[in-house]
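I opened this notebook to keep track of what I looked up in one structure, entry by entry. The entries follow the order in which I went through the loops, the strands and the core.

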Amino acid sequence: MGMRKSTKAPQTAPAVLKQILKRCSSLGRKQQHYDDVPKGHFVVYVGQNRTRYVVPITFLNYPQFQILLQQAADEFGFDHDMGLTIPCDDHFFQSLTSSLT
């Protein structure tokens, strides 16, 4: 009885980003209204307390942010109703995003 090899192909960064963008565009639309989210931005939740941040979509161009999104995909996947959750603490997230602007 050996370990079975996964038949699921590893996803490339562009494929993961495409899934994340698709998920971001529909997050909470059925459950909540995000009137405070300007066009060209999306919502992420960060840390154990799930602090809500509205970030510009241009952050998706930065490899540092893409790494966080890949970690979110690895940890939480795409099939959940919790919103896009970034698995890092608030201080790190704030530090990273301030260096991107």
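Entry 1, Asn61. I began with Asn61, which I found in the loop between β2 and α2; the model I am reading is a predicted one. Is Asn61 buried or exposed? Its relative accessibility comes to 60%, and because the threshold for exposed is over 50%, I noted Asn61 as exposed. I then looked up its distance to Leu100, and the two C-alpha atoms lie 10.0 Å apart in space, although 39 residues separate Asn61 and Leu100 in sequence.

Entry 2, Thr85. My next stop was Thr85, a residue of strand β3, which spans residues 85-86. With a relative accessible area of 6%, Thr85 counts as buried, since buried means under 20%. Which residues does Thr85 touch once those up to four places away in sequence are set aside? I listed Tyr45, Arg50, Ala72 and Phe76. For Arg50 I also found a polar contact of 2.5 Å between its side chain and that of Thr85.

Entry 3, Arg50. Following that contact, I placed Arg50 in the loop between β1 and β2. Its relative accessible area is 29%, so I recorded Arg50 as partly exposed. I checked the backbone as well, and Arg50 has a positive phi of about 55° although it is not a glycine. I kept this as a remark, because most residues other than glycine have a negative phi.

Entry 4, Gly47. The loop between β1 and β2 also holds Gly47. Here the relative accessible area is 17%, which means that Gly47 counts as buried. Leaving out neighbours within four places in sequence, I found Gly47 in contact with Ile86 and Cys88. I also looked up Phe93, whose C-alpha lies 8.8 Å from that of Gly47, with the two positions 46 residues apart in sequence.

Entry 5, the core. I then turned to the largest nonpolar core, which has 17 residues, and wrote down those with the most contacts inside it: Phe42, Val44, Val46, Val55, Phe65, Ile86 and Phe93. At least two residues of this core come from each of β1 (41-46), β2 (51-56), α2 (63-76) and α3 (90-100), and α2 gives the most, with four residues. I set beside this the general tendency of nonpolar side chains to be buried together in soluble globular proteins. For Val44 I went through the neighbours beyond four places in sequence and found that Val44 touches Thr51, Arg52, Tyr53, Val55, Leu84, Ile86 and Phe93.

Entry 6, α2 against α3. How do α2 and α3 pack, and at what angle? I read an angle of about 145°, with the two axes 10 Å apart. On the α2 side the contact is made by Gln64, Phe65 and Leu68, and on the α3 side by Phe92, Phe93, Leu96 and Leu100. When I sorted the residues of this contact by type, they divided into six nonpolar, one polar and no charged.

Entry 7, the chain as a whole. I closed with the totals, noting three helices and three strands in the protein chain, which run α-β-β-α-β-α from the N terminus on. Of its 101 residues, 33% count as buried. The chain exposes about 7,300 Å², and carbon and sulfur atoms supply 54% of that area. Lastly, I looked at the contacts between residues at least 6 apart in sequence, of which 51% join residues at least 24 apart.

Conventions:
Residues are numbered from 1 along each chain as its sequence is written. This is a predicted model: local features need pLDDT of at least 70, side-chain atom pairs count only at pLDDT 80 or more; totals for chains, interfaces and linings use all residues. Side-chain values use heavy atoms; hydrogens and water are left out. A nonpolar core is a set of buried Ala, Val, Leu, Ile, Met, Phe, Trp, Tyr and Cys residues joined through side-chain atoms within 4.5 Å. Buried means under 20% relative accessible area, exposed over 50%, partly exposed in between (1.4 Å probe, protein chains only). Contact means heavy atoms within 4.5 Å. Axes are lines fitted to C-alpha atoms, for helices over the stretch in contact, and angles run from 0 to 180 degrees between N-to-C directions. Ala, Val, Leu, Ile, Met, Phe, Trp, Tyr, Cys and Pro count as nonpolar, Asp, Glu, Lys and Arg as charged, and the others, Gly among them, as polar. Accessible areas come from the Shrake-Rupley method with a 1.4 Å probe; for residues, only the protein chains shown count as cover. A polar contact is a pair of N or O atoms within 3.5 Å; within protein, one must be able to donate a hydrogen and the other to accept it, and residues adjacent in sequence count only if both atoms are side-chain atoms.
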